[in-house]
Amino acid sequence: MRRVVITGAGTVNALAHDLPGTYAALAAGRSGIGPLEFRDADRLTIRIGAQIRGWAWDQGLTPQEQSLYDPFTRYALAAAEEALAMAGPGAAEGAGVLIGSASGGIHTWEENYRAVFEGGRNRVPPLTVPRLMMNAAASHIGMRHGLTGPTFAVSSACSSSNHAIGQAFRLIRDGYAPAMLAGGAEAMLCFSGIKAWEGLRVLSPDGCRPFSASRNGMVMGEGAAVFVLEDETRARARGAQVLAEISGFGMTADAGDIVVPSVGGAAGAMRAALAEAGLAPEEIGYINAHGTGTRVNDRNEVAAIREVFGAAAGLMVSSTKAAHGHAIGATGALELIACLMALDQGVIAPTLGLDRADPDCDLDHVPNEARRALTGAALSNSFAFGGLNAVLALRAAR
């Protein structure tokens, strides 16, 4: 079986509009959370989020392209462009595309519902369906770059990105493709997106504080991150810079509650990722936790980590959702950036907002300030509504 490495990464998110800016913001402990600004935001109960600001929406697109792209597709295209530029010539040859998203083109849904139900129109634009479909981002990345390998979308709520990246890893490892562009994209910060989440009563009105005793919910974000995954032999042969190796992927389903995560399901996914990677628990130096800032998720995730890692001496576990927000289907991809920063740059992103320790969350959560530390292996956890768990295992390239 082939070894699989990451040779390119790109992103657009509330912290920055590219990878270097995101690294710098995470290392500085900066948060992208602020007041929401969009139509009818004043009708919301929850009015904060990690919204992308100051980004050039047209991105040099033609009017025809602009009419075709929902925001989640635009984010994905920009992230893919940066990732391919970093990976260098030859990276895309024979590649396919796998993009995770929970809601796809929700802005397009909202615009057209408004037109029909508020505006009284009886017709919507002819390209409404191609704009909103879940695979729009993956398809447009492929069309723009001429990628004819395996291409589809993955939708598993908050685990969408990790499922997409994990499946891309296996397509390369098992010889179905020499390279894949994989990641996630989400643009749920609009009136209907936030209003739906308000109904669940899991959103915080005043901030994201994962693992803190004062935590009272999650804060939503948006954006995309896309990575170039390649067969290691091919990547080395063409002289590509290797950011990290993806060495394992674990998936489980709780088969329990539709919204309450189980300790056993999360622990099982971590064990499966370690087993596939051939890593012992003591070899993991860093876990980027799912860490939503809700009381149940954080407590259960810590219990699952305790179950797998025991005393976990020296293990650092941070959540970066207080920085870039919970970008739902894109969140695992944004969090993979924190893992790359740990493995490639030797910087552990902090858990922001951790103002008071919760006795039920008694791990080393790297509170509020980034830490310099060399680590040889890391996990990235994603646990979704529906009880869908997806964990990536990575090794440093050095």
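Let me start with contacts, meaning heavy atoms within 4.5 Å: among those in the protein between residues at least 6 apart in sequence, 79% join residues at least 24 apart. Before going on, I should say that this is a predicted model, in which local features need pLDDT of at least 70 and side-chain atom pairs count only at pLDDT 80 or more, while totals for chains, interfaces and linings use all residues. Residues are numbered from 1 along each chain as its sequence is written, and side-chain values use heavy atoms, with hydrogens and water left out.

On overall form, the C-alpha trace spans about 60 × 50 × 40 Å along its principal axes. The radius of gyration, taken over C-alpha atoms, is 20 Å, which agrees with the value near 21 Å for a compact globule of 398 residues, the globule rule being 2.2 Å times the number of residues to the power 0.38. Of the 398 residues, 61% count as buried, that is, under 20% relative accessible area with a 1.4 Å probe and protein chains only. The protein has 13 helices and 14 strands, which are DSSP runs numbered from the N terminus, helices being H or I with at least four residues and strands E with at least two.

Now to the pockets. A pocket here is an open set of points on a 1 Å grid over the protein atoms alone, where a 1.4 Å probe fits, with protein on both sides within 12 Å along at least five of seven lines; lining residues have an atom within 4 Å of a point. The largest pocket has a volume of about 320 Å³, the volume being the space filled by probe spheres set on the points. Of its 22 lining residues, Val259, Pro261, Thr294, Asn297 and Phe385 are the closest to its centre. At least two lining residues come from each of α8 (191-200), α11 (295-309) and β13 (377-384), and α11 gives the most, with three.

What, then, lines the second largest pocket, which holds about 200 Å³ of space? There are 13 lining residues, and Trp57, Pro71, Tyr75, His107 and Leu189 lie nearest the centre. The elements giving two or more residues to this lining are α3 (71-87) and α4 (106-118), with the largest share, three residues, coming from α3.

As for chemical character, the lining of the largest pocket divides into 12 nonpolar, eight polar and two charged residues, whereas that of the second largest pocket has seven nonpolar, two polar and four charged; Asp, Glu, Lys and Arg count as charged, Ala, Val, Leu, Ile, Met, Phe, Trp, Tyr, Cys and Pro as nonpolar, and the others, Gly among them, as polar.

Key
Buried means under 20% relative accessible area, exposed over 50%, partly exposed in between (1.4 Å probe, protein chains only).
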